[in-house]
Structure formats: C-alpha cells, structure tokens
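User: Hello! I am new to this structure and would like to learn how to read it one feature at a time. Could you walk me through it?

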Amino acid sequence: MPIFRPISRRALLAATAAWLACGAAWAQPTFIVVASTTSTEQSGLFKHLLPAFTKQTGIEVRVVALGTGQALDTARRGDADVVLVHDPEAERRFVAEGFATRRHDVMYNDFVVVGPGSDPARIAGIKDANEALRRIAAARTPFVSRGDRSGTHAAELRLWKDAGVELEKVRGAWYRETGSGMGPALNTASGMNAYLLTDRGTWLSFRNRGELKVLVEGDRRLFNPYGVMLVNPARHAHVKAEAGQRFIDWLVSPAGQKTIADYRIDGEQLFFPSVAS
C-alpha cells in the first residue's frame with residue numbers, strides 16, 4: 001500500500017506561485033511596438049487597420065507615432081519591434097546599417113501642396129511641384145514646414161533642392177518651421193493662410209481647413225511610398241521577431257492589403273496597396 005506524505009506548506013506555496021505565474025503569462029496578450037509616422041496615425045489608418053490584425057492573430061500593436069527620422073532612431077535604439085515609415089532613402093540606410101535585413105513595400109499615396117484660396121503665389125492647377133515652390137519662394141508668401149526630420153519634411157527639402165531654391169539663402173519670416181507632426185503643421189498653415197506640403201491621407205482626415213485648398217497635385221515627384229521593416233534581432237535580442245514578422249506578413253498579404261485599400265474618408269481612398277494581388 002503506497003504511503004502518501006503531506007506536501008509541505010513551503011512546497012505548496014511555491015507550486016501555487018508557479019501556477020499563478022504561468023496562468024498570468026498565458027493570460028497576457030502578446031504585443032509588439034511599431035514605430036511609425038504621424039501621417040499613418042493622424043490619418044486614422046491605424047484605428048482601421050490594427051483591430052483587424054489583432055482579431056485574426058491575437059497580437060496587440062502599440063504604435064509610437066513620430067516623424068520618420070525619429071521613428072527610425074527609436075528602432076535603432078531597440079525601442080520598437082517593427083518600423084513603418086515613408087522615406088525610402090532613409091529606409092535603405094537603415095537596412096544598410098544592419099538595423100533591418102529587408103524593407104517591404106506596403107502601400108503608397110501622394111503628397112499635395114495646399115494653400116489659401118486667394119493663392120498669392122499663383123500656383124493653382126500647375127502640375128510641376130518644383131515650379132510651384134519656385135513661385136512661392138519668389139513671392140515670399142507664407143509657407144509652413146514641418147521641420148521635424150519626418151518623411152514629409154525630407155520630401156519637402158528634396159523638392160526645394162530639385163527646384164533650384166537654396167533655402168539657406170532665401171528663407172526668412174515667410175518660411176515657418178513648426179517642428180511638429182502633420183496635423184499640428186496643418187493647423188498652423190490654416191491659421192496663417194500659408195502654403196504647405198502634406199500627405200494626402202492626413203489632408204483628407206483634416207477638418208480645420210479654413211481657407212486652405214489643394215492647389216498642386218499629380219506630379220510624379222509627389223509619389224509617397226511607405227515601407228515596413230522588422231528590427232534586426234541580431235542587433236537587439238529582445239525584439240519580438242516572430243510576432244513582428246507576423247504583422248509584416250499580414251500587412252503584405254491579400255487580407256492586409258485589402259484592409260488598407262478599404263480605408264476611406266467620405267468615399268475617398270487614402271492609401272493604396274503596393275503588393276500586386
């Protein structure tokens with residue numbers, strides 16, 4: 001006949017603690033941190049996109065919305081698992097530096113130049129973004145720049161350079177840097193009746209337009225692609241590589257691409273899938 005020995009109180013407490021710890025770990029949902037841009041957050045895309053991903057996978061996504069330069073710096077420090085931004089040149093450097101092993105095209109939209117309906121620089125309707133900037137600089141009419149190392153700011157600086165406008169020589173009181181995200185920059189431009197380069201997604205979701213209107217669009221130079229990258233776990237061992245890769249794989253899958261395409265405001269599509277179905 002077997003002999004049953006009573007379990008000591010200490011052993012019982014230890015076993016109970018271990019069981020509770022396992023239960024708590026099991027109960028806590030997996031989450032990843034995505035460093036992304038203010039344009040994806042302020043346009044409302046993430047509020048539309050992330051619940052669909054979480055419902056399918058159980059993985060929660062916590063977004064840190066910054067300018068592209070700051071988002072990439074966050075990922076470099078290992079403070080994000082995934083980065084989703086819109087500055088291909090900076091993204092290629094990020095991969096070349098070994099902070100990611102691959103960049104995936106995920107979606108695109110375009111930039112537009114908005115400004116007051118009175119249009120003192122006379123740029124409405126022209127299809128050449130460079131010419132539009134040359135006219136704004138020549139007229140010294142108010143222009144708001146994000147000035148925050150974002151993808152939009154980088155695109156703006158490239159356009160000035162391509163237009164042959166040396167900002168350091170011509171900038172003055174007419175050129176206002178806000179050092180802020182897209183929404184606050186739009187608010188500033190609306191209050192000043194100033195010109196501004198903005199991504200179309202944030203513009204469509206922006207309601208405090210005042211007298212601002214889209215004046216220049218359609219130039220190929222205004223193409224605005226977004227890329228997504230997994231932060232290299234070889235650089236930061238704590239990166240949640242499996243869950244982060246699942247997010248990327250979902251974004252570029254037919255389900256993720258359809259969810260991106262389905263996001264609309266007043267019937268107008270804000271972002272377009274980059275992956276052919």
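User: Let's begin with helix H12. Which of its residues are buried?

Analyst: A residue counts as buried when its relative accessible area is under 20%. In this predicted model, helix H12 spans residues 254–261, and its buried members are Gly256, Gln257, Thr259, Ile260 and Ala261.

User: What covers the buried residues of H12?

Analyst: To read a cover, look for the elements in contact with the buried residues. For H12 the cover includes two helices, H3 (45–57) and H11 (241–251). It also includes the strands E4 (104–116), E10 (264–265), E11 (268–269) and E12 (272–273).

User: Which residues touch the most other members in the largest nonpolar core?

Analyst: A core is read by asking which buried nonpolar side chains join up. Here the largest core holds 54 residues, and Val83, Phe247 and Leu251 are the ones that touch the most other members. There is also a second, separate core of 24 residues, with Val113, Leu159, Trp174 and Leu197 among them.

User: What is leucine 251 in contact with, leaving aside its neighbours within four places in sequence?

Analyst: Leucine 251 is in contact with Leu49, Leu84, Val106, Val228, Gly256, Gln257 and Ile260. Three of these names should be familiar: Gly256, Gln257 and Ile260 are buried residues of H12.

User: Now the charged side chains. How many salt bridges does a search of the whole structure find?

Analyst: The search finds 21 salt bridges. A good way to read one is to check the distance, then where the partners lie. Take arginine 221 and aspartate 128: their closest N and O atoms are 3.5 Å apart. Arginine 221 lies in the loop between strand E8 (212–216) and strand E9 (223–230), while aspartate 128 lies in the loop between E4 and helix H6 (129–139), so this pair ties together parts that are 93 residues apart in sequence.

User: Are those two partners buried or exposed?

Analyst: They fall in between. Arginine 221 is partly exposed, with a relative accessible area of 32%, and aspartate 128 is partly exposed at 29%.

User: Where do glutamate 131 and arginine 134 lie?

Analyst: Both are in helix H6, three residues apart, which is about one turn of the helix. Their side chains meet in a salt bridge of 3.2 Å, N to O. Glutamate 131 is partly exposed at 25% relative accessibility, and arginine 134 is partly exposed at 32%.

User: Which residues are linked in a network of salt bridges?

Analyst: The network links Asp73, Arg76, Glu97 and Arg149. Keep Arg149 in mind for the next feature: it is one of the residues closest to the centre of the largest pocket.

User: How much space lies in the largest pocket, then?

Analyst: About 290 Å³. A pocket is read through its lining, which here has 15 residues; the closest to the centre are Asp87, Ala90, Arg93, Arg149 and Ala154. Helix H4 (68–76), helix H5 (88–96) and helix H7 (151–162) each supply at least two lining residues. The largest share, five residues, comes from H4.

User: Last topic: what is the mean pLDDT of the protein?

Analyst: The mean pLDDT is 90, and 89% of the residues reach 70 or more. Then look for stretches with low values. Over residues 1–7 the pLDDT is below 50, and beyond near neighbours in sequence this stretch has one contact in the model. Residues 19–28 also have pLDDT below 50, with zero contacts beyond near neighbours in sequence.

Note on methods: Residues are numbered from 1 along each chain as its sequence is written. This is a predicted model: local features need pLDDT of at least 70, side-chain atom pairs count only at pLDDT 80 or more; totals for chains, interfaces and linings use all residues. Side-chain values use heavy atoms; hydrogens and water are left out. pLDDT is the predictor's confidence in each residue, from 0 to 100. Contact means heavy atoms within 4.5 Å. Buried means under 20% relative accessible area, exposed over 50%, partly exposed in between (1.4 Å probe, protein chains only). Helices (H or I, at least four residues) and strands (E, at least two) are DSSP runs, numbered from the N terminus. A nonpolar core is a set of buried Ala, Val, Leu, Ile, Met, Phe, Trp, Tyr and Cys residues joined through side-chain atoms within 4.5 Å. A salt bridge is a side-chain nitrogen of Lys or Arg within 4 Å of a carboxyl oxygen of Asp or Glu. On a 1 Å grid over the protein atoms alone, a cavity is a set of points where a 1.4 Å probe fits but cannot get out, and a pocket is an open set with protein on both sides within 12 Å along at least five of seven lines; lining residues have an atom within 4 Å of a point. Grid points are joined across faces, edges and corners, and a volume is the space filled by probe spheres set on the points.
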